[in-house]
Amino acid sequence: MEFSIKNVNAAATQSDCLVVGVYEAKVLSEAAQEIDRASKGMISKLLADGDMDGKLEATLMLHHVPGLTSSRLLLVGLGKEADFAEKQYAKAVRASIKALEKSGALDATTCLAQLPVKALSAQRKVAYLSEAALDASYKFAAIKRKEEQASPKKGIAKLTINVAVSEVSAAETGLADGQALAAGVSLAKDLGNLPPNVCTPSYLAEQALALGKTHQFNVEVLERDALKKLGMGSFLGVAQGSEEPPKFIIMQHLKGKKEQKPVVLVGKGITFDTGGISLKPGSEMDEMKYDMCGAASVLGTFKAIAAMNLPLNVIGVIPTCENMPDGRATRPGDVLTSMSGLTIEVLNTDAEGRLILCDALTYVERFEPSAVIDVATLTGACVIALGHHASGLFSNNDALAAELLQAGEVALDRAWHMPMWEDYQSLLDSNFADMANIGGRAAGSITAACFLARFAKKYDWAHLDVAGTAWKSGKEKGGTGRPVPLLTEFLVQRANQLKV
Ligand code: BES
Ligand code: MN
Ligand code: ZN
């Protein structure tokens, strides 16, 4: 989708579709009032007739409205004017894009960025709008028969964002931010959606190398031999049941001052999780292709911050492998020695995420990080606790947790702070090693975090469990790109803090 920022007279602009907002109780937005005047009261009449109630996300497409130069007019419901804030604004934008995608319009002019939104600058409004528009129009290039692929896709190719003259320059900046974030979100979705026979550990490594080449940051990929030398017995214990070789990816976006300590992002990259010898039940097992969404979000965030040329030092680390049952696979009862030297009794081979992450958490000590944030589709228990709305947030530092929570609020990609009290640690006791890899059914997402915390003692650390938020099931099955918006916002704020 191509964007342009303009100040136009809505009624006189020529496009396939003009988009204006209508609040509940028949209250017209400013642009809608303009259209109403140009069309001699057409919108007021429609509202009076009850064809449009202005409820949030409601849409009504009108054709050849007299007095307008555009061939279509899309009315978008905004809900109650008094309640209209970021979330409602983003929802209205998404609803408008969905309606546009269904229509035959190829280009559109939207007046939604002119709506007053509490505490939102023009830059932010346009960033949200462009990001939401790109997100809502995302389509996975599905692997279908050639004939089907050849059929031209419908959809908006050009979107003009109408803003006040005084806001054009802020809007341009917002557009660039929105596009950068959307590119990152789209990459994360694509990687998640790819089938596991395509998106292997080697594929992820190639993608990282390609990204580094495009955006000129350094990428290194460690192979099995190097990992053995480092002593990553825990990571390799998971990888040993698969024919696919494991990869350990290190990306370095070093655009801050030399002496500035980096933020490190760590992403779980299990490209398929069968559970291993503790095999998962068959139903919906296909969704375990999404078990690399943590890794995908780190790659997506790197794409976004690279496109923004963010002046910050950020290092991304991705341990990636498959979790497969095999003659050589790790057994329940096996004891693995992690890179830290701590030994782990594997009581369930399906609790593999923490086993690959713990070695990555030890590895990143060498960067003397200012903060480490790991992202993982770690536990089904997190989905039970929080559902699909919030990611689980765990941290050994309350200030860092607060920063991430706030970034999630602003980015409309929320997390919820979960407890990680010392009391839970004893659930991981083992008679045969320093710890077990599972803590039983109770507090499953917390004991998983407690396990990781044992390897993250040397720095400020946070863990995002995105098992419920990284993808959707059912009819809308697909990656969401979360938590790329949260992470990107967090990094942008860190960069801004360092500037002042
Ligand atoms: N990748 C899964 C977690 C998961 C399951 C995410 C379902 C989303 C939906 C993880 O590797 C796993 O299998 N965790 C186990 C841990 C248990 C064995 C302690 C789980 O959550 O059941
Ligand atoms: Mn598992
Ligand atoms: Zn897993």
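A cavity is a set of grid points where a 1.4 Å probe fits but cannot get out. This model, which is predicted, holds two cavities of 30 Å³ or more. The close-ups below begin with them.

**Figure 1. The largest cavity has a lining without charged residues.** About 70 Å³ of space lies in this cavity. Its lining comprises 13 residues. Gly237, Val238, Asn323, Thr330 and Thr349 lie nearest the centre. By class, seven lining residues are nonpolar and six are polar.

**Figure 2. The second largest cavity draws on helix α10.** The volume here is about 30 Å³. Ala188, Cys293, Ala296, Ser297, Ala470, Gly481 and Arg482 form the lining. Helix α10 gives the most, with three residues. Four of the lining residues are nonpolar, two are polar and one is charged. Arg482, one of the lining residues, also takes part in the cis peptide bond of Figure 7.

**Figure 3. Helix α10 is largely enclosed by the rest of the structure.** The helix covers residues 293-308, 16 in number. From first C-alpha to last it reaches 22 Å, close to the 22 Å expected at 1.5 Å a residue. Of its 16 residues, 13 are buried, so the rest of the structure largely encloses the helix. Just after α10 comes Asn309, with a positive phi of about 55 degrees.

**Figure 4. The zinc ion (ligand 3) sits in an octahedral arrangement of donors.** The protein donors are Lys268 (NZ), Asp273 (OD), Asp291 (OD) and Glu352 (OE). They lie 2.0 to 2.4 Å from the ion. Six donor atoms surround the zinc ion, and their angles run from 79 to 176 degrees, which makes the arrangement octahedral. For reference, ideal octahedral angles are 90 or 180 degrees. Along the chain, the donors follow the spacing K-x4-D-x17-D-x60-E. Asp291 lies in the loop between β11 (269-273) and α10, and Glu352 in the loop between β14 (343-345) and α11 (353-363), so this pair ties together parts that are 61 residues apart in sequence. Both Asp291 and Glu352 are buried.

**Figure 5. The manganese ion (ligand 2) has an irregular arrangement of donors.** Its protein donors are Asp273 (OD), Asp350 (O), Asp350 (OD) and Glu352 (OE). Their distances from the ion are 2.1 to 2.2 Å. The six donor atoms around the manganese ion subtend angles of 70 to 168 degrees, and the arrangement is therefore irregular. The spacing of the donors along the chain is D-x76-D-x1-E. Which residue links this ion to the zinc ion (ligand 3)? Asp273 coordinates both, and the two ions are 3.1 Å apart. Are Asp350 and Glu352 buried or exposed? Asp350 is partly exposed, with a relative accessible area of 22%. Glu352 is buried, at 1%.

**Figure 6. The second largest pocket has Asp350 among the residues closest to its centre.** About 990 Å³ of space lies in this pocket. Its lining has 34 residues, and the closest to the centre are Lys280, Asp350, Thr379, Gly380 and Ala381. Asp350 is also a donor to the manganese ion (ligand 2). Helices α12 (380-386) and α14 (444-453) each supply at least two lining residues. The most come from α12, with four. By class, the lining has twelve nonpolar, twelve polar and ten charged residues.

**Figure 7. The peptide bond from Arg482 to Pro483 is cis.** Omega is near 5 degrees. Most peptide bonds are trans. Pro483 lies in the loop between β21 (478-479) and α15 (484-499).

**Figure 8. Lys40 and Gln216 have positive phi values.** Most residues other than glycine have a negative phi. Lys40 is not a glycine, yet its phi is about 55 degrees. Lys40 lies in the loop between α1 (30-38) and α2 (42-49). Lys40 is exposed, with a relative accessible area of 73%. For Gln216, phi is near 55 degrees. The loop that holds Gln216 runs between α7 (201-215) and β8 (218-222). Gln216 is exposed, with a relative accessible area of 68%.

Note on methods:
Residues are numbered from 1 along each chain as its sequence is written. Chains are lettered from A and ligands numbered from 1 in the order in which they are written. This is a predicted model: local features need pLDDT of at least 70, side-chain atom pairs count only at pLDDT 80 or more; totals for chains, interfaces and linings use all residues. Side-chain values use heavy atoms; hydrogens and water are left out. The expected span of a helix is 1.5 Å times one less than its number of residues. Buried means under 20% relative accessible area, exposed over 50%, partly exposed in between (1.4 Å probe, protein chains only). Donors are N, O and S atoms within 2.8 Å of the metal (3.2 Å for Na, K and Ca); water is not among the atoms, so sites may look incomplete. Four donors count as tetrahedral if all angles lie between 85 and 135 degrees; four count as square planar and six as octahedral if opposite donors are over 155 degrees apart and all others between 65 and 115; anything else is irregular. On a 1 Å grid over the protein atoms alone, a cavity is a set of points where a 1.4 Å probe fits but cannot get out, and a pocket is an open set with protein on both sides within 12 Å along at least five of seven lines; lining residues have an atom within 4 Å of a point. Grid points are joined across faces, edges and corners, and a volume is the space filled by probe spheres set on the points. Ala, Val, Leu, Ile, Met, Phe, Trp, Tyr, Cys and Pro count as nonpolar, Asp, Glu, Lys and Arg as charged, and the others, Gly among them, as polar.
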